[in-house]
Amino acid sequence: MTEKKKNLSEFTPFEFSSANKTRIGIVVSEWNDRITDSLFKGAEESLLEHGILKENILVKHVPGSFELPLGAQWMLDKTPVDAVICIGCVIQGETRHFDFISQAVADGIMNVGLKFSKPVIFSVLTCNTMEQAEDRAGGKHGNKGVEGAVSALKMLELLHGIE
């Protein structure tokens, strides 16, 4: 029996219990900005839909996806945010550069979350083509920025349920 694939882009909004006091950071890569801008818009709209106040969404840009982990770390270290969503897009080229960047970004984002014991969400597309990226930035496969926002809020709900 195969499990149905879940797509958090098609979520049912849920009541986020501490929306009006939650602060969310979003670090966005400037590289492949046509894609990352779409992912950011999806994340921001989803946060607002769940009651996060616009003034409680802190947005910072970094040059590329490789800089996302440090941007998230600085945000957690220097600002009072409860979670950080890292938005980026790495597209396969002709060399192994893609593999090194993708792995470093994934490891870095995970390590920052563990270091600060706060949700640091991986909303980084790692695609073979621009078409695949477009399909995941508001196209036929939803918007992974929306999924990042939903993941951040669900992790915060989990934390509040444990405390």
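Here are some notes on the strands, helices, salt bridges and cysteines of this predicted model.

1. Let's start with the sheet. It is an open one with four strands in the order 2-1-3-4, and the pairing is parallel. Strand 2 and strand 4 (120-127) sit at the edges, each pairing on one side only. On average, neighbouring strands here are turned by 15 degrees against each other, direction ignored.

2. Now the pairing of strand 1 (residues 24-29) with strand 2 (residues 57-62). These two run parallel and are joined by six bridges. If you want to find the register by eye, look at Ile24, whose bridge partner in strand 2 is Ile57, and at Val27, which has Lys60 as its bridge partner in strand 2. To get from strand 1 to strand 2, the chain goes through helix 1 (residues 33-49), and this β-α-β crossover is right-handed.

3. Which strands does helix 1 lie across? Helix 1 lies across strand 1, strand 2, strand 3 (83-91) and strand 4, and runs at about 155 degrees to strand 3. Helix 5, for its part, lies across strand 1, strand 3 and strand 4, with an angle of about 155 degrees to strand 4.

4. On to the charges. The whole structure has four salt bridges. One of them is between the side chains of Glu134 and Arg34, at 2.7 Å from N to O. Glu134 belongs to helix 4 (residues 130-136) and Arg34 to helix 1, so this pair ties together parts that are 100 residues apart in sequence. As for accessibility, Glu134 is partly exposed, with a relative accessible area of 32%, while Arg34 is exposed at 52%.

5. Glu44 deserves its own point. This residue is found in helix 1 and forms a salt bridge with Lys54, with the closest N and O atoms 2.8 Å apart. Lys54 lies in the loop between helix 1 and strand 2, so the pair ties together parts that are 10 residues apart in sequence. Is Glu44 buried or exposed? Glu44 is buried, because its relative accessible area is 15% and the cut-off for buried is under 20%. Lys54, at 49% relative accessibility, counts as partly exposed. Setting aside neighbours within four places in sequence, Glu44 is in contact with Lys54 and Ile57. Ile57 is the residue in strand 2 that has Ile24 as its bridge partner.

6. Another salt bridge joins Glu147 and Lys144, where the closest N and O atoms are 3.1 Å apart. Both residues are in helix 5 (residues 144-162), three residues apart, which means they are separated by about one helical turn. Glu147 counts as buried at 13% relative accessibility, whereas Lys144 is partly exposed with a relative accessible area of 24%.

7. Last, the cysteines. How many disulfides does a search of the whole structure find? The search finds zero. Take Cys89: the nearest cysteine sulfur is that of Cys127, and it is 5.5 Å away. A disulfide needs the two sulfur atoms within 2.5 Å, and Cys89 is in no disulfide. Cys89 counts as buried at 2% relative accessibility. Cys86 is buried too, with a relative accessible area of 0%.

Definitions and conventions:
Residues numbered from 1 in each chain as written. Predicted model: local features only at pLDDT ≥ 70, side-chain atom pairs only at ≥ 80, totals over all residues. Heavy atoms only, no water. Buried < 20%, exposed > 50% of the residue type's maximum accessible area, 1.4 Å probe, protein only. Pairing = 2+ DSSP bridges. Right-handed = clockwise from strand over helix to strand, strands pointing away. Contact = heavy atoms within 4.5 Å. Axes fitted to C-alpha atoms, helices over the stretch in contact; angles between N-to-C directions.
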